[in-house]
Amino acid sequence: MAFPERFSNLPAYAFPRLRALLDPHAPGADPIDMTIGEPKHAFPDWVSTVIADNAAGFGRYPANDGTPELQAAIAGWIQRRYGVSIDAATQILPLNGTREGLFNACIALCPETKRGKQPVVLTPNPFYQVYAVAALAVGAEPVYVPATDATGNLPDYASLPSDILDRTAVAYICSPANPQGAVADESYWRDLISLAEQHDFQIFSDECYSEIYREAPPVGALQVAERMGADPERVVLFNSLSKRSNLAGLRSGFAAGGPDSVKRLKQLRAYAGAPLPGPLQAVAARAWSDEDHVTRNRALYAEKYEIADDIFSGLQGYMPPEAGFFLWLPVDDGEAATLKLWRESGVRVLPGAYLAREVNGHTPGADRIRVAMVAEKDDMRRGLTRLRDCLYQG
């Protein structure tokens with residue numbers, strides 16, 4: 001039996017790899033899981049009612065491109081949030097979770113060649129792992145660009161050689177960044193969009209953490225692109241309800257961009273997509289139309305930021321996240337620290353290297369651990385206190 005080689009060099013995915021590291025060892029205390037970015041705050045109490053009111057929709061095939069109501073709700077949110085007017089019918093595609101969109105957008109939009117050569121897909125390093133497998137799926141060359149303290153925890157794509165940029169078809173960017181919590185400001189977006197215009201590539205902007213922030217709402221790629229008068233096809237925006245509304249299990253997200261790009265995404269989805277069931281589209285439409293629950297959710301994270309800042313006050317190398325719900329904490333060796341923490345205190349975190357790739361003998365994040373601040377406030381405080389006492393004191 002012959003099998004394809006394109007995925008043969010993928011490392012084990014982060015969480016099976018973590019289980020292999022930790023599960024052979026007993027926890028040193030009652031376990032506190034701070035590994036996965038799965039929100040634990042309550043989702044809106046009207047979710048079950050909306051599903052029940054629309055339950056008949058489970059008996060019908062759902063709208064592949066999203067219901068008009070859901071499309072309109074997403075367009076309305078983009079207008080309120082970013083001040084950008086887009087056409088709901090032609091510039092938005094509701095998704096069954098943004099991972100689907102971030103993967104399939106590469107299939108639908110990355111050309112087979114760029115300037116007669118193998119195309120390049122740029123990704124931050126460390127990064128959300130679907131970016132790399134999407135590049136491999138289309139036969140592109142993934143180029144991993146460090147996103148470290150030295151670069152403001154965002155990738156410096158402009159530092160790449162011209163021959164790489166000239167072959168670039170797609171650049172993934174995550175802001176607020178997972179795992180570092182860094183936010184791309186308007187200047188960063190302007191520079192990146194200008195670079196994309198100069199070298200003619202698309203920006204896939206993953207903004208799934210955009211609604212969890214300390215003070216000012218992070219500026220978005222579509223927002224800056226419109227101010228610059230950039231090509232409407234230059235940016236494809238991705239967002240979801242997983243973090244914003246604590247509805248990770250709903251699997252509801254969207255892609256928004258120029259009409260030609262969205263047309264190609266819809267064409268692929270007509271053949272290979274799995275649309276969200278109708279009753280869940282009804283929930284999503286209401287969630288995108290309601291900001292009260294988002295404001296309450298953000299207030300809970302504001303309290304968690306304060307707790308983390310207090311616990312790690314004075315810790316050398318501690319950088320309070322600007323947004324999102326991860327701490328990106330400095331250690332000597334992320335894997336060794338993770339194992340020590342589990343065996344001695346029962347706190348479960350993720351080694352930073354599990355989110356990155358080794359390039360030229362260096363793995364960004366190998367000296368970090370990622371800590372998800374998603375547990376209830378008291379559990380989070382206990383977990384962070386144990387972590388501090390285990391790794392940073394004595």
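**Figure 1. Helices H3 and H11 lie roughly parallel to each other.** This is a predicted model: local features need pLDDT of at least 70, side-chain atom pairs count only at pLDDT 80 or more, and totals for chains, interfaces and linings use all residues. Residues are numbered from 1 along each chain as its sequence is written, and side-chain values use heavy atoms, with hydrogens and water left out. Helices (H or I, at least four residues) and strands (E, at least two) are DSSP runs, numbered from the N terminus. Angles under 35 degrees count as roughly parallel, over 145 as roughly antiparallel, 65 to 115 as roughly perpendicular, and the rest as oblique. Axes are lines fitted to C-alpha atoms, for helices over the stretch in contact, and angles between N-to-C directions run from 0 to 180 degrees. Contact means heavy atoms within 4.5 Å. H3 (residues 68-82) and H11 (residues 278-289) pack at an angle of about 20°, and their axes are 8 Å apart. Their crossing is left-handed. H3 contributes Glu69, Leu70, Ala73, Ile74, Trp77 and Arg80 to the contact, while H11 contributes Gln281, Ala284, Ala285, Trp288 and Ser289. These contact residues divide into seven nonpolar, two polar and two charged. A crossing is left-handed if the near helix is turned anticlockwise from the far one by less than a right angle, and right-handed if clockwise. Ala, Val, Leu, Ile, Met, Phe, Trp, Tyr, Cys and Pro count as nonpolar, Asp, Glu, Lys and Arg as charged, and the others, Gly among them, as polar.

**Figure 2. Helices H1 and H13 cross obliquely.** The axes of H1 (residues 14-22) and H13 (residues 334-345) come within 10 Å and cross at roughly 55°. H1 and H13 are therefore oblique to each other. The crossing is right-handed. Leu18, Leu21 and Leu22 of H1 meet Glu335, Thr338, Leu339 and Trp342 of H13. Five residues of this contact are nonpolar, one is polar and one is charged.

**Figure 3. Seven strands form an open sheet.** The strand order is E2-E8-E7-E6-E5-E3-E4, and the pairing is mixed. E2 (92-95) and E4 (141-146) are the edge strands, each paired on one side only. Neighbouring strands are turned by 20° against each other on average, direction ignored. Two strands pair if DSSP finds at least two bridges between them. At one edge, E2 pairs with E8 (residues 253-256) in the antiparallel sense over four bridges. There, Leu93 stands opposite Ala255 of E8. E6 and E7 also pair over four bridges, in the parallel sense. Phe204 stands opposite Val236 in E7. Helix H7 (residues 186-199) lies across E5 (168-174), E6 (202-206) and E7 (235-240), running at about 150° to E6.

**Figure 4. Strand E7 is mostly covered.** Six of its six residues are buried, meaning under 20% relative accessible area, with exposed over 50% and partly exposed in between (1.4 Å probe, protein chains only). In a regular strand, side chains alternate between the two faces of the sheet. Val235, Leu237 and Asn239 point one way from E7. Val236, Phe238 and Ser240 point the other way.

**Figure 5. Three strands form a second open sheet, in the order E9-E12-E11.** The pairing is antiparallel. E9 (326-330) and E11 are the edge strands, each paired on one side only. Five bridges join E9 to E12. Phe326 has Ala372 of E12 as its bridge partner.

**Figure 6. Two cis peptide bonds precede Pro176 and Pro179.** Most peptide bonds are trans. The bond from Ser175 to Pro176 is cis, with omega near -10°. The bond from Asn178 to Pro179 is cis too, with omega near 20°. Pro176 sits in the loop between E5 and H7. Pro179 lies in the loop between E5 and H7 as well.

**Figure 7. Asn246 and Asn360 have a positive phi.** Most residues other than glycine have a negative phi. Asn246 has a phi of about 60°. This residue is found in the loop between helix H9 (241-244) and E8. Asn246 is buried, because its relative accessibility is 7%. Asn360 has a phi of about 55°. The loop between E11 (350-351) and E12 (368-372) holds Asn360. Asn360 is exposed, with a relative accessible area of 80%.
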